[in-house]
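Please look over the sequence and the model below before reading on. The briefing is meant for someone meeting this structure without background.

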Amino acid sequence: MLEHGSLKRGYLGLAGQPVALPESQRGADGREQALLVVGVTNGSPAAAAGVLVGDVLVEFDGHAVESPEDLLDLLLGDRVGTPVALTSIAFQPQTFAIAAVANLEESHTRTTFRATSMSARFVTASKWLAQ
């Protein structure tokens, strides 16, 4: 994992928060949580793949994603420069093909997203997903 004295961290260019999945969207594995995309940085690997605000991500390269921390853990080490798949269930089941995970330390387009009311967004997203 360590190359040239530092740990590489991947960068997709998206911000997310955990969201509870209604029973109708849990799928065969019964997963109760997923990652709601609340921001996408222009020019990022996520934007290039077509990820949109409102997408609900359930998998990163075959691994379950239920929180921002899950995604960050999966972006360490040998992911930088590799193609990966993100699976979303928001509008319809879809898989985004990320051409290559960017290196966080080399990214020039880092954006910080600020949520004004996380609880209000969570409730709104949960109601929207239940429809």
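What follows covers the overall make-up and then the nonpolar cores.

This is a predicted model, in which local features need pLDDT of at least 70 and side-chain atom pairs count only at pLDDT 80 or more, while totals for chains, interfaces and linings use all residues. Residues are numbered from 1 along each chain as its sequence is written, and side-chain values use heavy atoms, with hydrogens and water left out.

**Overall make-up**
- The chain holds 3 helices and 10 strands, taken as DSSP runs (helices H or I, at least four residues; strands E, at least two) numbered from the N terminus.
- Read from the N terminus, the order of elements is β-β-β-β-β-α-β-β-α-β-β-β-α.
- Of the 131 residues, 40% count as buried, meaning under 20% relative accessible area with a 1.4 Å probe, protein chains only.
- Among contacts (heavy atoms within 4.5 Å) with a separation of 6 or more, 58% join residues 24 or more positions apart.

**Nonpolar cores**
- The largest nonpolar core, a set of buried Ala, Val, Leu, Ile, Met, Phe, Trp, Tyr and Cys residues joined through side-chain atoms within 4.5 Å, has 18 residues, and those with the most contacts inside it are Leu-12, Leu-14, Val-51, Phe-60, Leu-71 and Leu-86.
- At least two residues of this core come from each of strand S5 (33-40), strand S6 (56-60), helix H2 (68-74), strand S8 (84-88) and strand S9 (94-98), and S5 gives the largest share, 3 residues.
- Leaving aside residues up to four places away in sequence, Phe-60 touches several residues, including Leu-12, Leu-71, Leu-86 and Val-101.
- Another core, of 7 residues, lies apart from the largest one and includes Val-19, Leu-21, Ala-34 and Ile-89.

Notes
Buried means under 20% relative accessible area, exposed over 50%, partly exposed in between (1.4 Å probe, protein chains only).
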